[in-house]
Amino acid sequence: MHEKFLNMFEEIEVVGKALNGEQTLQVLEKENPDFLLLDVYMPDMLGSDLLPAIREKYPKVSIIMITAATDKEFLEKALNYGVENYLIKPVNKERFDDVIQEYIKKRTLLSSTQEINQNYVDLLFRHGKAEREGKSPGLPKGIDEITLGKVKAVFQARKDGLSAEEVGKEIGASRITARRYLEYLSSKQEVKAEVVYGIVGRPERKYYPVL
């Protein structure tokens, strides 16, 4: 079920699944993933007991625990080993999606070339909290300020027309994601869209900054 939920995010590719702790370490060794969804109760060991080994060998992997375990000691151990979030089963899809989207936004911010200043740090540490408290900047569903800022930055650097595919490559996202943001900016009249024809006559939608 959780794999199905994850596959709905175009930013995420499921590269491996593990049935126990030993397989979890094998997947980490083979695939070196950015993100691990980890249970506590596994057939051969507790997921919480894996945390020291994971942090020693794979310090950069982001971990979200999703488990039926409600013992406080598990939660404290998760916090001590830098777990991103802790979800108690059964988890509804809306809550699951919120946590994954928060992780994606944080990773996008960390991979950006934005100057590190107090505003950057506040976004990094407070973004999820502000969103849960309803303090979003009024953006529609599917649009977040971090990715939006990256798209705007592309047009600040380049004044020529760009396709959704070209913008996607610039920001490290898919063409579909880039087009969603471009259409939003077009609706706000911050970019203008025009249909142009290539050498073979195939129409292509290009976006230009509004000067």
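**A tour from the β4-β6-β5 sheet to Asp39**

Begin by selecting β4, β5 and β6 in this predicted model: the three strands make up an open sheet, arranged in the order β4-β6-β5, with antiparallel pairing. Colour the edges next, β4 at residues 162–163 and β5 at 191–197; each of these strands has a single partner, so one side of each is left without a neighbour in the sheet.

Stay with the sheet and add helix α7, residues 145–157, which packs on it and touches β4, β5 and β6, while the direction of α7 makes about 85 degrees with that of β6. Then zoom in on the pairing of β4 with β6, residues 203–209, where the two strands run antiparallel and are joined by two bridges; if you pick Leu162, you will find its bridge partner in β6 to be Tyr207.

Now move to Asp39, which sits in the loop between β1 (35–38) and α3 (47–57). An unreviewed UniProt entry lists Asp39 under "modified residue: 4-aspartylphosphate". Show its surroundings: apart from neighbours within four places in sequence, Asp39 is in contact with Gly47, Met65, Ile66, Thr67, Ala68 and Lys89. Among these, select Thr67 and display side chains, since a polar contact of 3.1 Å joins the side chain of Asp39 to that of Thr67.

Finally, zoom out to the whole chain, whose secondary structure amounts to nine helices and six strands. Of its 211 residues, 38% count as buried, and a surface display covers about 13,200 Å² of accessible area, 50% of which belongs to carbon and sulfur atoms. Among contacts with a separation of 6 or more, 51% are between residues 24 or more positions apart.

How values were computed:
Residues are numbered from 1 along each chain as its sequence is written. This is a predicted model: local features need pLDDT of at least 70, side-chain atom pairs count only at pLDDT 80 or more; totals for chains, interfaces and linings use all residues. Side-chain values use heavy atoms; hydrogens and water are left out. Two strands pair if DSSP finds at least two bridges between them. Helices (H or I, at least four residues) and strands (E, at least two) are DSSP runs, numbered from the N terminus. Contact means heavy atoms within 4.5 Å. Axes are lines fitted to C-alpha atoms, for helices over the stretch in contact, and angles run from 0 to 180 degrees between N-to-C directions. UniProt positions are given in the numbering used here, feature names are shortened, and annotations may be inferred rather than shown by experiment. A polar contact is a pair of N or O atoms within 3.5 Å; within protein, one must be able to donate a hydrogen and the other to accept it, and residues adjacent in sequence count only if both atoms are side-chain atoms. Buried means under 20% relative accessible area, exposed over 50%, partly exposed in between (1.4 Å probe, protein chains only). Accessible areas come from the Shrake-Rupley method with a 1.4 Å probe; for residues, only the protein chains shown count as cover.
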